[in-house]
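Biologist: I should like to understand how the terms used for charged side chains are justified. Please show the structure, and let us reason from it.

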Amino acid sequence: MADRKTAIVTGGSRGIGREVALRLADLGYDIAIVYIGDENEAKETVADCEKKGVKAKSYICNVASFEDTKATVAEIRKDFENIFALVNNAGITRDGLIAFMKEEDWDSVLSVNLKGAFNMIRHTAGLFIRNKGGRIVNISSVSGLMGNAGQANYSASKAGVVGLTKATARELAPKGITCNAVAPGFIRTDMTKNITEDNSELLRTIPLGKMGEVSDVAAAVVFLLSSPYITGEVLRVDGGIAM
Ligand code: NAI
């Protein structure tokens, strides 16, 4: 069908990315999931998207690798039509105090969270330009807006994502392509499984007084993907933390 649209969701096997994939499948998007790690989680997400009547497929690919992402985007282009949306959601944390942070923990977080988003944009931008349209949403974090003690690597990577988003937005705007970011606060996923609402001082800093759900972030991604006149925006989904 000529009007079918495909969305690539990195880190779409679980957590926030999985919810984004499911909500986009609800809207009729075909879904290409790029992930690393648990194959069963990816298979489950693909099957759940397919149940909604769309085409879905998962690709194991380390977003930190320029060559792997290039090959994976080429594969996705063979498998799917009309790639219209890219959601750069894959991310990791390797927390530690800066005075003790291992070089490899700095490098890996910057490579996955920031270079990963660059790699995916780099290999899809030409396609969006040729198609005269497209939408990119990058998942940043309130850590990137405010800084977070113990997360110098993560905060730097997510602040970098904001700069990447704005530069990309300016560069691709004349081609009708939008690029925005979502900055979540504390969202209930595997990444935050050590934070519980009753014991954490951290949670007292949330004006709305509770953690967010993956559905809260997915709703913001869907909104930005459906908004042709919003670009270069950073939309916080954080219960008010960074206002
Ligand atoms: P998660 O740990 O549940 O899922 C991470 C996903 O990224 C998985 O699908 C995994 O396969 C993928 N991934 C990790 N490294 C990869 C690599 N090198 N190549 C390809 N895929 C890779 O994480 P969660 O909580 O769903 O987070 C998703 C995004 O949201 C991340 O970018 C995270 O930094 C961001 N975020 C999460 C918050 C939270 O409270 N959970 C708060 C703010 C931002």
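Biologist: Why is the pair D190 and R14 called a salt bridge?

Modeller: In this predicted model, the closest N and O atoms of D190 and R14 are 3.4 Å apart. The cut-off is within 4 Å, so the pair qualifies as a salt bridge.

Biologist: What makes this pair a tie between separate parts of the chain?

Modeller: D190 belongs to the loop between strand 6 and helix 7, whereas R14 belongs to the loop between strand 1 and helix 1. These parts are 176 residues apart in sequence, and therefore the pair ties them together.

Biologist: Why is D190 called partly exposed?

Modeller: Its relative accessibility is 38%. Partly exposed covers the range between under 20% and over 50%, so D190 falls in that class. R14, at 41%, counts as partly exposed by the same rule.

Biologist: How do you know that D30 and R4 meet in a salt bridge?

Modeller: Their N to O distance is 2.7 Å, which satisfies the limit of within 4 Å. D30 is in strand 2 and R4 is in the segment before strand 1, 26 residues apart.

Biologist: Is D30 buried or exposed, and why?

Modeller: D30 has a relative accessible area of 5%. Buried means under 20%, so D30 is buried. R4, with 22%, is partly exposed.

Biologist: What makes R236 and D238 a salt bridge?

Modeller: Their closest N and O atoms are 2.8 Å apart, and the rule asks for within 4 Å. Here R236 is partly exposed at 31%, while D238 is buried at 7%.

How values were computed:
Residues numbered from 1 in each chain as written. Predicted model: local features only at pLDDT ≥ 70, side-chain atom pairs only at ≥ 80, totals over all residues. Heavy atoms only, no water. Salt bridge = Lys/Arg side-chain N within 4 Å of Asp/Glu carboxyl O. Helix = DSSP H or I, 4+ residues; strand = E, 2+ residues; numbered from the N terminus. Buried < 20%, exposed > 50% of the residue type's maximum accessible area, 1.4 Å probe, protein only.
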